[in-house]
Amino acid sequence: LEMCGIAALPFAVGVYLPFSSSAPIFVGGLVRYFVEKLSKPQSEAEAESSAGVLFSSGLIAGGSICGLLLAAVAAFELNSKIDLSGYMGSLANPEYPIAHMFAISMFAGISIILFVVGKRGMK
């Protein structure tokens, strides 16, 4: 693919990852695109170490750590001991649209925060 002029990483993301994993990556790319369009041009080295890149790297690392913690919870069968769904009401039931809207609004909030941090860091 590289010899044909196609970047291997974006191709691999699109082919091997499910839509649920590649959609947030796409949204992150859109946020970066808009930040770069609305900011003055920077060198590639400055752009790679900007506040937005560092913040998004922290979000990725935090998500990985939470994934490991959830794997440990599942491995030690602690699911029923820490089940808080009874306190969440209709938010815990995926059949209700409010559950999806809560997740979408949290994702949108994180995307907006990422845009603001990235924009502020690329002045």
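**Entry 1. Salt bridges**

I count a salt bridge where a side-chain nitrogen of Lys or Arg lies within 4 Å of a carboxyl oxygen of Asp or Glu. I note at the outset that the model I examined is a predicted one. Applying the rule, I arrived at a count of one salt bridge. I then looked up its partners and found the side chains of Arg 32 and Glu 36, with 2.8 Å from N to O. The 2.8 Å of this pair satisfies the rule because the rule asks for a distance within 4 Å.

I next asked how Arg 32 and Glu 36 are placed in helix α2. They are four residues apart in that helix, which means that about one helical turn separates them. I also checked whether each partner is buried or exposed. Arg 32 is partly exposed, at a relative accessible area of 32%. Glu 36 is likewise recorded as partly exposed, and its relative accessible area is 36%.

**Entry 2. Overall form**

I turned to the whole chain. I found six helices and zero strands in the protein, and reading along the sequence I wrote down the pattern α-α-α-α-α-α. The C-alpha atoms fill a box of roughly 50 × 35 × 25 Å along the principal axes. I looked up the radius of gyration and found 18 Å, whereas a compact globule of 123 residues would have a value near 14 Å. I recorded that buried residues make up 12% of the 123 residues.

**Entry 3. Helix α2**

I examined helix α2, which covers residues 19–38. At 1.5 Å a residue, its 20 residues should span 28 Å, and I found the end C-alpha atoms 28 Å apart, so the two values agree. I listed the buried residues of α2 as Ser 22, Val 31 and Val 35.

**Entry 4. Helix α4**

I repeated the check on α4, which has 25 residues. The expected span at 1.5 Å a residue is 36 Å, and the end C-alpha atoms are 36 Å apart, so this helix agrees as well. In α4 I found Gly 52, Val 53 and Val 73 to be buried. Just after this helix, I noted that Glu 77 takes a positive phi of about 50°.

**Entry 5. The largest pocket**

I asked which residues lie nearest the centre of the largest pocket. They are Pro 24, Gly 28, Ser 56, Ile 60 and Leu 114, out of 26 residues in the lining. The elements that give two or more residues to this lining are α2, α4 (51–75) and α6 (97–121). I found that α2 contributes the largest share, ten residues. I recorded a volume of about 770 Å³ for this pocket. Sorted by class, its lining holds 14 nonpolar, ten polar and two charged residues.

**Entry 6. The second largest pocket**

For the second largest pocket I noted a volume of about 190 Å³. I found its lining to consist of Leu 9, Pro 10, Val 13, Gly 14, Ser 22 and Ile 25. Both α1 (8–16) and α2 supply at least two of these residues, and the largest share, four residues, comes from α1. By class I counted four nonpolar residues, two polar ones and no charged ones in this lining. I note finally that Ser 22 appears in this lining and also among the buried residues of α2.

Technical notes:
Residues are numbered from 1 along each chain as its sequence is written. This is a predicted model: local features need pLDDT of at least 70, side-chain atom pairs count only at pLDDT 80 or more; totals for chains, interfaces and linings use all residues. Side-chain values use heavy atoms; hydrogens and water are left out. The expected span of a helix is 1.5 Å times one less than its number of residues. Buried means under 20% relative accessible area, exposed over 50%, partly exposed in between (1.4 Å probe, protein chains only). On a 1 Å grid over the protein atoms alone, a cavity is a set of points where a 1.4 Å probe fits but cannot get out, and a pocket is an open set with protein on both sides within 12 Å along at least five of seven lines; lining residues have an atom within 4 Å of a point. Grid points are joined across faces, edges and corners, and a volume is the space filled by probe spheres set on the points. Ala, Val, Leu, Ile, Met, Phe, Trp, Tyr, Cys and Pro count as nonpolar, Asp, Glu, Lys and Arg as charged, and the others, Gly among them, as polar. The radius of gyration is taken over C-alpha atoms; the globule rule is 2.2 Å times the number of residues to the power 0.38.
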